[in-house]
Amino acid sequence: MGRHGTCTRHTILKHGLLIDPSNGIEAVKDIVIEDDMILEVCDTAAAEKGDCVIDCAGLEIWPGLIDMHLHVSDLFEIHTNTAYGAAEDGVTTALSPGAGNTFMAPALLGAEMDRGLPLNVGVFLGAANVLGTRLNEGELVELFRGTLGQEEKERKLSHNSIVNHTAQYAVGIKEHMGHFLLPDEKILQLYTLTDKAHLMFTSHTQDIDHTLHLFDMAKGRHLHLGHANAAGCGTHGEAVWAMKQVIGLCRQKEVSGEFVTTMLREGGGSREGLKMTEPARQMALEALAEHIVTIAVSDGQNQSTMKGFGDTRDNIPCLLELAEHKVLSKMDAVALMTCNPAKLLAKRTRNEEWRSRYGHLGMGAYANITVVDPKRKYAVYVLTNGKLVSFEKRYLRLGGRAGYWVSKFQTKKSMGIGELPMYDII
């Protein structure tokens, strides 16, 4: 009989060094997983018949990495399996911020999630596409609040019933000066929409003059600076001056920012993206040390066509190196891709599930877990919602249907559309 009087098979992670910033734990502990949830965290968990035991001695057990800026199956992805490569690198939750994402994105990527992805996924919609339908500002707010009527959707959003059913399931909106330049009145409309509908408003931070203009237009409303350290690469103005401006913005109460892990690493990490100048990189490290910027992201994934500015392979090495070089404590470094993004998402979307179920290893959290070898600097085991999806940087096919859909609403374990082409509903 199991722990609750039934024959339930558990997964137990034993003897690993828990690094759980949200709960202030840095100690050797065991974790008991039941289905997709963390059931217990204790000093010693007794295994019962039928349990799966994973020996984590010598390894570190982190909350599963939350990558707030990771292009998953975005733009011209051609059978490159970005989601699977990201899972191998320890990412268990990814938000895809494609500026080209239309209202179809939750339907298309949601269908793939239904059919099987190894990580939780969500999307930012492209700003120009959000503003491109017949819906007016008030109706867009209703749409993202989940209160817009079906008749209005059919008349003004789309003639595709699946799109109309899923369009609201976004986490935010992405403004991208490299894809399109919106007139000021449209930018103001985006601020009103994201503020009233409780969506993240994230920008493409590279041209600092554009970013400063966006901040001026915010008028106290929230702005999230995507891959903010890209400004320190010198592509749009002198790098040190641009980084100084970015850091100054991130000090503002209603501004948050994220730094790309690849750019933070000495030598430029994977070398496939932009590279910060060394003085600008040092400024970025100081901003992390002072907790001015508290979130790290990858942007790109090593198998992707849309490389972006970084690489998920750099996430774990970067976090470990920040601790090794004493930029941050180990707890604070791990927090950059676990509880910190979860808390920001909870605050901006007003969905407390982000805080209660993601980014930590406490009882009742979804069992999203990244087990790290600190010497080899990679993920040995990755569990998404209790399922083992990767072992020794090899994706496991048995973990295919592990991921859920995340948005400003509660987690959806199924979008209900992935099987529509295969079965008749009776």
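What share of the contacts in the protein chain with a separation of 6 or more comes from residues 24 or more positions apart? The answer is 72%. Keep that in mind as you browse the close-ups below, which come from a predicted model.

**Figure 1. The whole protein chain, to get your bearings.** Start with the overall fold, where 15 helices and 18 strands make up the regular elements. The radius of gyration is 21 Å, close to the 22 Å that the globule rule gives for 426 residues, so the protein chain is as compact as a globular protein of that length. Along the principal axes, the C-alpha trace spans about 65 × 60 × 35 Å. Of the 426 residues, 60% count as buried. The accessible surface comes to about 16900 Å², and carbon and sulfur atoms hold 50% of that area. On the charge side, you will find 44 positive and 52 negative side chains, with the centres of the two sets 1 Å apart.

**Figure 2. Strand β5 and its two partners.** Here β5 (residues 60-63) pairs with β1 (residues 11-20) and also with β15 (residues 369-373). The pairing with β1 is parallel and uses 2 bridges. Look for leucine 17, whose bridge partner in β5 is glutamate 60. The pairing with β15 is antiparallel and runs over 4 bridges. In that pairing, isoleucine 61 stands opposite valine 371. As a viewing aid, side chains in a regular strand alternate between the two faces of the sheet.

**Figure 3. Helix α12, a mostly covered helix.** This view centres on residues 315-324, where 9 of the 10 residues are buried. Among them are Ile316, Leu319, Leu320 and Leu322, along with Asn315 and Glu321. Pro317, Cys318 and Ala323 are also buried. After the helix comes lysine 326, which has a positive phi near 60 degrees.

**Figure 4. Two loop residues with positive phi.** Most residues other than glycine have a negative phi. Aspartate 299 is not a glycine, yet its phi is positive, at about 80 degrees. You can find aspartate 299 in the loop between β14 (296-297) and α12. Is this residue buried or exposed? Aspartate 299 is buried, since its relative accessible area of 2% falls under the 20% cut-off. Asparagine 385 is another non-glycine residue with a positive phi, here about 50 degrees. Asparagine 385 belongs to the loop between β16 (378-384) and β17 (387-391). At 3% relative accessibility, asparagine 385 also counts as buried.

**Figure 5. Glutamate 151 on helix α5.** Helix α5 covers residues 150-156 and includes glutamate 151. With a relative accessible area of 55%, glutamate 151 is exposed, the cut-off for that label being over 50%. How far apart in space are glutamate 151 and asparagine 164, C-alpha to C-alpha? The two lie 10.0 Å apart, with a sequence separation of 13 residues.

**Figure 6. Threonine 202 and the residues around it.** Threonine 202 is part of strand β10 (residues 200-204). Only 4% of relative accessible area is left to threonine 202, which counts as buried. Which residues does threonine 202 touch, not counting those up to four places away in sequence? They are Phe124, Ile173, Lys174, Glu175, His224 and Gly226.

Technical notes: Residues are numbered from 1 along each chain as its sequence is written. This is a predicted model: local features need pLDDT of at least 70, side-chain atom pairs count only at pLDDT 80 or more; totals for chains, interfaces and linings use all residues. Side-chain values use heavy atoms; hydrogens and water are left out. The radius of gyration is taken over C-alpha atoms; the globule rule is 2.2 Å times the number of residues to the power 0.38. Buried means under 20% relative accessible area, exposed over 50%, partly exposed in between (1.4 Å probe, protein chains only). Contact means heavy atoms within 4.5 Å. Accessible areas come from the Shrake-Rupley method with a 1.4 Å probe; for residues, only the protein chains shown count as cover. Lys and Arg count as positive and Asp and Glu as negative; His and the chain ends are not counted. The place of a charge is taken as NZ of Lys, CZ of Arg, CG of Asp or CD of Glu. Two strands pair if DSSP finds at least two bridges between them.
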